[in-house]
Each structure stands twice: as C-alpha cells, then as structure tokens.
Amino acid sequence: MERGIFGQLVITFGTISLMAIGGANAVVPEVHRQIVEILGWMDAPTFARLFAIAQTAPGPNVMLASIVGWHVAGTSGLLVATAAMLLPSSLLALACSRGLQRFSDNRIVRIVTLALVPIALGLMLASGAVAMLAADAGLFGFAITAATAAVTYRSKVNPLVPMAVGTAAYVAGWCVGLA
Amino acid sequence: MTTLETATDVPPSLPALFTGFLKIGMMGFGGVGPVARHIIVAERNWLDDRAYAELMGICQALPGANTVNAAVMLGDRFRGTAGALTCVFALMAMPLLALVAIANVYDAVSDHPLAQVALTGAAASAAGLILGTAARLLTKAGLARWAWLMAAAAFLAVGLLRLPMLPTLLVLVPLGLVAASLGARRI
C-alpha cells in the first residue's frame, strides 16, 4: 500500500475538503486523526503548533492543509495539499452556482444551512478541544487556552491579539517556572 | 432569479476580479470575512448588501471555506470558469506566500528551546481562539432545541469519542436535514 506522500496528501485532503463544513476549522480532529494517528507523519504537539501557525497566517481557513503539506513535503507538498483541499469543494460550489440559477426558490439552501450550522459549530468546538489536548501545554497551557477562549467569546477583537498575548503570557509563565 | 444580482451593469473584468481578491487575501489577517464584505460590497460595488448576504448564505451551506466558495461563485458568475480560477488564485496567492515565509521562520527557530515554548503557548492560544469563536457563534445562532442536540452530538462524536468524521457526518447530516425540513415547515 505504498502511495507516496503526494498521493496520500491528495487522498487525505481531497476527502477532507468535502467534509469541511464551515472550512478547515471543522476538520481539525479528522486531520489530526489521519495525519498524527493513522499516518504517523508528526507528533501531536507538532500538529498543534502547525495549526497555530495556520491561524496566524492571513487568508481563508484552509491553510491548515497547506502547512501540513509543507511540513511533510516542502513547497510541493504545500501546493499539492492546498490544491487537494480546494478543488473538490470548489467544484461543488461551481456546480451549485450554475445549478442554482435555475431555481428562484432558496428554500433548499435555507434547509441545508439550518441543518449544517449546528453540526459545523459542534465540530468547531471539537476542533478546539482536539487542538488543546494536542498542544500538550500542561496545566498552565489549559489556563492560557481558557483565557484566550474567554476573551474571544466576549469581544470581537482581532484574533491575532489574544493569540499574541496568550503566547507571551505562556512564555512569561515558563520563565518563572509555571509551565 | 434574484440570487447574486450584480449591483453594477457591466460585470467586472478579470484584472479587476484579480486585484479585488488579491486584496481580500492580503488584508485578511485574523479572518477574511469582514474584509471580503468590505471589498465586494463597499469598495468594488460588485454586489449589494442583500445579494452579498444571499451569496454568503449559499457558501455556508457548502463545504469549504466561505471566502473560497464566494470567490468561485462570484468569479464564475461574472467571467465563467476563467473568472472562478482567477478569483481563487488571487485569493490564495498572498496568504500562501505569507505562510511559506512564516513556515521558513518556524523551520529556522523550531529547535531553539525558547521558540519551542513560544510555539507551545501559541498552540494553546490557538485552541482557545477556536473554542471561544465556536462558543460565541453557538450562543448567537439562536439554535432550536434539536439543533443544540446536533451540535452536542457532533462535538461528542468527533471531539470526545474521536470517531472518524465521515461516518459521523453520514449519520448527522441526514438527521439534521430531516429536522430542519420539519422545522422549516412549521415556520
């Protein structure tokens, strides 16, 4: 069953593409399951760090695929994983865009949205939980996660701010022996 | 047919689509959603507010990142397949370059002990970010009771029990569709 890294990237992210309701933020547990647990391409903390890097980069939230591809196979891995993550869902969007021109009724869209939004949000929570455990940052790390979550929940500040403050706080805590 | 009506009469050219989506990708540090709306509606006048909301509604009902789907659909509507390709390429170009730059810095420093600590802190913070966002969206979504059950089931299955996602979705999505159509009929 030797597929080569590129073939595996295409299969993994090509299928995850169609499961990514709400974007990559819904599929962190699945990417973790496949990349860390099944393929063993990296350990959990490395995965959590790459996820953090993907969060800091600008752009739509498909960058998790890109950075994982980059980590396992350099720039070509990045391009292959990104294309695999983008192509299936984009083809579906294209088909729907053309198909919908024939409907004037958007009842179907409303029902699908009603059905998918709660699932997507539950998956997003699951993504946060999996990323938190994978980070393996200890008790002080849980405190940082909780504080960042609380700030993000309460204010609409640019996510890069709590991210930077959380990182700085963790480093400071490490310096005084908390972490 | 009201979906995706253009606010302007002449569809934007390929170069205009390219620069518009390049800008969306470039300025979207910390989330592209608000930037995309600003450029598509306010700056370029490609869609009015209502058409934009309708577009995002459809994008939400599809897998994939909303902005990528919006790029595909707008590009295709204005300039066909070439338009869709142009928009997606423009949207992804700068973020990918930025990511390569960040990744190279990561590579250079990741063995340094202090960098390891910082990256662990960043990972813990990123987890909090997504948890907080999910919690905020959940409380603001005005979910019906069945929808809360669906969200809880998705979280439990994938987050705690660590079940594979495909079978989970194959169970939850049809259930959600049934519940949503029953609910929609009642309203």
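**Figure 1. Contacts of A:Ala137 in the predicted model.** A:Ala137 touches three residues of its own chain sequence, A:Ile144, A:Tyr170 and A:Ala179, and also B:Thr120, B:Gly121, B:Ala123 and B:Ala124, leaving aside residues up to four places away in sequence. The residue sits in the loop that joins helix H5 (107-135) to helix H6 (138-154) of chain A. A:Ala137 counts as buried because 28 other C-beta atoms lie within 10 Å, where 20 or more are required. By contrast with these contacts, the C-alpha atom of A:Ile11, 126 residues apart along the chain, is separated from that of A:Ala137 by 31 Å.

**Figure 2. The side of chain A that touches chain B.** In the predicted model, 91 residues of chain A are in contact with 87 residues of chain B. Elements of chain A that give two or more residues to this side are helix H1 (4-19), helix H2 (28-38), helix H3 (44-56), helix H4 (63-100), H5, H6 and helix H7 (160-175). The most is given by H5(A), with 24 residues. Sorted by class, this side of chain A has 60 nonpolar, 27 polar and 4 charged residues.

**Figure 3. Annotated transmembrane regions of chain A.** An unreviewed UniProt entry places the annotation "transmembrane region" on residues 6-28, 49-72, 78-96 and 108-126 of chain A. In the model, residues 78-96 are 100% helix and 0% strand, and the end C-alpha atoms of this span lie 27 Å apart. Residues 108-126 are likewise 100% helix and 0% strand, with end C-alpha atoms that lie 27 Å apart.

Methods:
Residues are numbered from 1 along each chain as its sequence is written. Chains are lettered from A and ligands numbered from 1 in the order in which they are written. This is a predicted model: local features need pLDDT of at least 70, side-chain atom pairs count only at pLDDT 80 or more; totals for chains, interfaces and linings use all residues. Helices (H or I, at least four residues) and strands (E, at least two) are DSSP runs, numbered from the N terminus. A residue is buried if 20 or more other C-beta atoms lie within 10 Å of its own, exposed if 12 or fewer, and partly exposed in between; C-beta atoms are placed from the backbone. Two residues are in contact if their C-beta atoms, placed from the backbone, lie within 7 Å. Ala, Val, Leu, Ile, Met, Phe, Trp, Tyr, Cys and Pro count as nonpolar, Asp, Glu, Lys and Arg as charged, and the others, Gly among them, as polar. UniProt positions are given in the numbering used here, feature names are shortened, and annotations may be inferred rather than shown by experiment.
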